[in-house]
Every structure is written in C-alpha cells, then in structure tokens.
Amino acid sequence: MTPVRTMGAVAAAKLTGAATRALRRGSGTALPGLVATRIDPGVVARLGRQLGGGRVLVTGTNGKTTTARLLAAMLDAAGRGYVHNREGSNLVRGFASTLAARADWRGQIPGAAQLTGLFETDEATFPAAVRALDPTVMVVTNLFRDQLDRYGEVDTVAGMLREGLAAAGPGATLVLNADDPSVAGLAEGWPGRVHWFGLDVPELHREAAGATDARWCSCGGDFAYARRYFAHVGWWRCTQCRRARPAPETEGRRVELGLDRTRFEVPGLGIAAMRLAGLYNVYNALAAIAAGRALGLPAAAIRAGLADARAAFGRQEVVALEGRELWLLLTKNPAGANQVLLLLEQAGGPDLAVAGLLNDRFADGQDVSWIWDVDYELLAGRVVRCWAGGDRAEDLALRFDYAGWPAPLAVERAPGALLDAILAGTAPGERVFVIPTYTAMLDLRAELVRRKAVRSALE
C-alpha cells in the first residue's frame with residue numbers, strides 16, 4: 001500500500017503543476033517535483049520502481065537528450081509504453097515531476113508493470129538517480145570537459161559515475177562507448193553485463209581531431225590511436241599497459257553523412273537511416289540501438305524508431321523566419337562545438353552564414369575560455385558572413401577574428417537585436433547556421449516563440 005506521505009506528494013505535485021501552467025509561471029517540469037520531494041524524499045523510488053518494463057538511465061557529457069529521444073522513438077515503434085522526462089528536466093526533481101504526472105491520486109502509476117522508465121540524467125545526479133530508480137540499463141554516451149566550474153575535470157565526472165555504478169544492482173546492463181577511453185574505464189570492476197557500442201569507419205579517421213580530454217591511461221601511459229574520429233574518441237590503446245578499445249557488440253559501419261540525414265550499417269540490424277546529421281549523432285544512435293537491444297526491442301522497431309525520430313528543440317532544429325532558414329545547432333563545450341563545425345565543413349556548402357551565441361550563466365559554465373579550444377579555424381575562408389551574440393558576444397567576436405572569420409555584421413547581446421541584424425544581413429531564401437550555448441539557445445528560442453516563428457517546446 002502506498003504511504004500517505006507519497007500520496008500527499010503526488011497530490012501536491014499535480015496541484016503545483018496545474019497552477020504553474022495556469023499562471024504561465026513555467027512548464028511544470030521542475031517545481032512540482034521539488035514540492036513532491038520536500039513532502040516525500042522517497043517519492044521517486046516509490047513511483048519509479050513500480051515500472052516493470054525496465055528502467056533506463058542515460059547520462060554522459062553530450063548526447064543525453066538525443067539518445068533518450070531516439071530510444072523513446074524505438075519504444076514507440078515497438079508499441080511499448082514508457083515514462084520519459086522528455087522535456088529534459090534531468091535532476092531528481094525532474095524525475096519526480098514526470099512520475100507524479102503519470103501517477104493517480106493513490107500514488108499508483110496505471111499499467112506500471114508493463115511500462116518502461118526512460119530517464120535522461122545529469123552526470124552529477126547519476127548516483128542519486130541510481131539509488132532511487134534501481135535501473136536495469138545504464139547508458140553512458142561520452143565524457144568530455146564541460147562546465148569546469150560546476151563539474152571539474154573529466155576524472156571528477158567519471159568518479160561521480162563510478163559512485164552511481166557502485167550503488168547499482170549487478171543484474172543491470174551497462175551500455176558503454178567503447179571508443180571513449182574514459183567511458184570504457186567505467187567497466188573496470190563492474191560485476192554485471194556490459195554492452196559496448198562503437199564505430200568502424202576507417203575513412204573518417206582524422207590526424208588532427210581537435211582538443212582531447214583523455215590523454216593518459218589510469219596506469220599513467222599515453223593513449224595511441226589506430227583511428228581517431230574526434231577529440232579522444234576512436235580506436236585507442238594504452239602504450240604502457242594492456243588496456244585497449246573493447247570489441248563492440250553494436251558497431252556502426254559504412255557511414256554516409258549529409259546535412260539533414262544520415263545512413264549507416266549495423267551488423268545484425270542492417271541499414272539504418274535517420275534525419276539527424278553529424279558523426280556525433282551516429283554515436284547517439286548507436287547508444288540508443290545498444291540500449292534498445294538490451295531491452296529486447298525487435299530490430300524492425302529499432303530501425304523504424306531511428307527513421308521516425310526528430311531532433312530535440314535547439315538541436316538541429318530548422319526554423320523559418322521571414323523567409324530565411326535558421327538551423328539551430330546547440331554547442332556546449334569544445335568537443336560538441338568542434339563536431340558542429342566539422343558537420344558544417346563537410347556538408348554545409350560554400351559561402352556559409354553563421355551566427356554564434358555565447359552565454360556564461362550557471363547552466364553554461366561561467367568560464368568561457370573553452371572557446372579557445374574550439375577549432376573555428378576549420379571554417380576560415382568558408383564563412384562569408386557572421387554575427388556574434390549572447391551575454392559574451394564580444395568574446396566570441398574576438399575569437400572569430402583570431403580564427404580568420406570576417407568581421408561580424410553585428411555584435412548584439414540581446415537575442416531580438418541579433419535576429420534583427422540577421423534579417424538585415426540576409427535575403428529571403430538564405431540559410432543561416434546558428435550555434436548557441438545552452439541558455440543562449442533558450443533565450444533565442446523564446447524570442448522566436450514571441451515572433452511566432454516556432455511554438456514553445458513545452459506546448
């Protein structure tokens with residue numbers, strides 16, 4: 001029987017969510033859960049562990065939201081019901097909001113025995129998420145330097161993840177990126193099953209693959225690469241001990257990259273196609289495929305889910321604004337930004353128009369020195385028009401200058417002023433690639449909602 005405290009927490013969350021939305025004071029993805037956990041700190045465990053179709057946690061520096069959305073599309077294609085924090089509220093209060101919204105007033109989730117729990121989780125929240133939800137599948141996409149003032153170095157984040165793994169049951173399946181040595185290190189000492197994913201595309205090897213965040217093995221030896229795709233991701237081995245890239249169970253081959261679609265082959269699955277672009281999204285897809293296989297999803301459902309999935313807002317979202325086409329490409333850290341620039345270099349075409357937006361708020365990381373590890377030089381000579389925006393617009397404009405880009409047509413901190421400058425500097429029918437940091441993307445998108453160019457992501 002559900003404790004009275006849990007029933008009260010659910011009721012309070014439902015009332016808080018309804019009031020928040022009615023008053024237009026937010027989306028109802030965080031505050032209801034915050035109220036619920038204050039009333040019953042164990043509400044996530046009591047609700048989440050009702051889900052009998054498996055409980056999946058997806059974490060990592062980049063790709064959490066996209067990987068979770070791809071897996072959700074596969075579950076849809078398989079006809080399996082699920083509970084998912086789709087709006088991306090990936091702290092414990094977000095889980096509580098999501099679960100309380102699905103529960104009835106008695107604190108029971110209808111049909112829970114057949115439902116799968118699918119939760120994207122912040123890396124720092126991962127230990128608490130594991131303890132609360134007792135996951136059956138845990139996915140780690142990658143580990144890169146990100147928000148150093150909040151997370152610290154990659155080794156610190158890996159330590160957080162190991163803390164979570166120590167609290168997991170041995171029956172859980174760990175889904176890991178074999179091509180990332182920092183992620184692969186999480187398998188050391190893990191008593192349960194590991195499902196590895198990775199790439200086998202020798203033609204995409206790059207000698208100069210951008211800033212690396214994993215230079216040394218745990219033994220102190222250097223990493224050497226037979227193939228390196230980007231940053232420290234590739235076919236790695238330690239030059240001192242015997243550690244090396246594990247053989248993946250889910251492996252992507254024969255990758256065909258385009259600006260608005262991607263095709264690749266996975267042994268045992270066949271040819272997979274999706275609307276998302278970029279090699280980094282192939283990795284996200286492989287993580288989702290591996291998780292789908294761990295859940296026992298049919299191959300046909302996995303392929304159909306990949307084909308049907310749409311990008312999350314701000315991540316390869318295309319917006320029409322007064323006849324212009326704005327491509328929103330979220331960039332949060334050096335590795336992610338370099339992958340976006342590589343996508344534009346490979347598939348963006350000649351004479352690029354690019355608008356960058358840089359904020360330094362808590363959710364972005366308040367130290368913006370990371371932009372100097374981004375290879376903007378890759379597009380030198382290709383960018384013919386650019387704009388700099390966000391709270392640190394001047395810093396970004398300076399970085400563009402050092403990269404050999406033309407002088408920005410405008411340097412504007414306010415998103416509305418930046419959009420006006422983009423409209424003034426382009427003609428109808430033209431395409432502009434917009435590369436914002438996280439809160440800058442939210443600000444820009446809010447302005448686009450105000451101009452009725454897009455709907456709110458929460459509608």
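**Exercise 1. Overall dimensions**

Task: Compare the radius of gyration of the protein chain with that of a compact globule of 459 residues.

Solution.
- Step 1. For 459 residues, a compact globule would have a radius of gyration near 23 Å.
- Step 2. The protein chain has 22 Å, which agrees with that value.
- Step 3. Keep in mind that this is a predicted model.
- Step 4. Add the extents: the C-alpha trace spans about 65 × 60 × 40 Å along its principal axes.
- Step 5. Turn to burial. Buried residues account for 57% of the 459 residues.
- Step 6. Then take the surface. The accessible surface is about 18,200 Å², and carbon and sulfur atoms hold 50% of it.
- Step 7. Look at contacts between residues at least 6 apart in sequence: 69% of them join residues at least 24 apart.

**Exercise 2. The open sheet**

Task: State in what order the nine strands of the open sheet run, and which are the edge strands.

Solution.
- Step 1. Count the elements. The protein chain holds 15 helices and 17 strands.
- Step 2. Nine strands make an open sheet, in the order 2-3-1-4-5-6-9-10-11, with mixed pairing.
- Step 3. Strand 2 (82-84) and strand 11 (270-274) are the edge strands, since each pairs on one side only.
- Step 4. On average, neighbouring strands of this sheet are turned by 20 degrees against each other, direction ignored.
- Step 5. Take one pairing in detail. Strand 1 (residues 55-59) runs parallel to strand 3 (residues 116-120), and four bridges join the two.
- Step 6. Within this pairing, leucine 57 has phenylalanine 119 in strand 3 as its bridge partner.

**Exercise 3. Helices on the sheet**

Task: Find which strands helix 4 and helix 10 touch, and give an angle for each helix.

Solution.
- Step 1. Helix 4 (residues 64-78) packs on the sheet and touches strand 1, strand 2 and strand 3.
- Step 2. The direction of helix 4 makes about 160 degrees with that of strand 3.
- Step 3. Helix 10 (residues 279-294) also packs on the sheet. The strands touched by helix 10 are strand 4 (137-140), strand 5 (173-177), strand 6 (193-200), strand 9 (250-257), strand 10 (262-266) and strand 11.
- Step 4. Against strand 6, the direction of helix 10 makes about 150 degrees.

**Exercise 4. Aromatic pairs**

Task: Classify the pair of phenylalanine 230 and tyrosine 283, then the pair of tryptophan 327 and phenylalanine 433.

Solution.
- Step 1. Two values are needed: a pair of aromatic rings is described by the distance of the centres and the angle of the planes.
- Step 2. The whole structure contains nine aromatic pairs.
- Step 3. For phenylalanine 230 and tyrosine 283, the centres are 5.8 Å apart and the planes meet at 85 degrees. Planes over 60 degrees apart count as edge-to-face. The pair is edge-to-face.
- Step 4. Locate the partners. Phenylalanine 230 is in strand 7 (residues 223-230) and tyrosine 283 in helix 10, 53 residues apart. Both residues are buried.
- Step 5. Now the second pair. The ring centres of tryptophan 327 and phenylalanine 433 lie 6.0 Å apart with planes at 55 degrees, so this pair is tilted.
- Step 6. Tryptophan 327 sits in strand 13 (residues 324-329) and phenylalanine 433 in strand 17 (residues 431-436), so the pair ties together parts 106 residues apart in sequence.
- Step 7. Check burial. Tryptophan 327 is buried at 8% relative accessibility, and phenylalanine 433 is buried at 2%.
- Step 8. Ring pairs also link Phe144, Phe230 and Tyr283 into a cluster.

**Exercise 5. Around leucine 352**

Task: Decide whether leucine 352 is buried or exposed, and list the residues it touches.

Solution.
- Step 1. Leucine 352 belongs to strand 14 (residues 352-357).
- Step 2. The relative accessible area of leucine 352 is 1%, so this residue is buried.
- Step 3. Leaving out residues up to four places away in sequence, leucine 352 touches Leu344, Leu379, Arg382, Val383, Val384, Arg385 and Phe433.
- Step 4. Single out leucine 379: it is 27 residues from leucine 352 in sequence, yet 8.5 Å away in space, C-alpha to C-alpha.

**Exercise 6. Positive phi**

Task: Place arginine 254 and lysine 452, and give the phi of each.

Solution.
- Step 1. Most residues other than glycine have a negative phi.
- Step 2. Arginine 254 has a positive phi of about 50 degrees. Arginine 254 lies in strand 9, and its 55% relative accessibility makes it exposed.
- Step 3. Lysine 452 has a positive phi near 65 degrees. Lysine 452 lies in the segment after helix 15 (438-450) and is exposed at 74% relative accessibility.

Technical notes:
Residues are numbered from 1 along each chain as its sequence is written. This is a predicted model: local features need pLDDT of at least 70, side-chain atom pairs count only at pLDDT 80 or more; totals for chains, interfaces and linings use all residues. Side-chain values use heavy atoms; hydrogens and water are left out. Buried means under 20% relative accessible area, exposed over 50%, partly exposed in between (1.4 Å probe, protein chains only). Contact means heavy atoms within 4.5 Å. Two strands pair if DSSP finds at least two bridges between them. Axes are lines fitted to C-alpha atoms, for helices over the stretch in contact, and angles run from 0 to 180 degrees between N-to-C directions. The radius of gyration is taken over C-alpha atoms; the globule rule is 2.2 Å times the number of residues to the power 0.38. Accessible areas come from the Shrake-Rupley method with a 1.4 Å probe; for residues, only the protein chains shown count as cover. Rings of Phe, Tyr and Trp (its six-membered ring) pair if their centres lie within 6.5 Å; planes under 30 degrees apart count as stacked, over 60 as edge-to-face and the rest as tilted.
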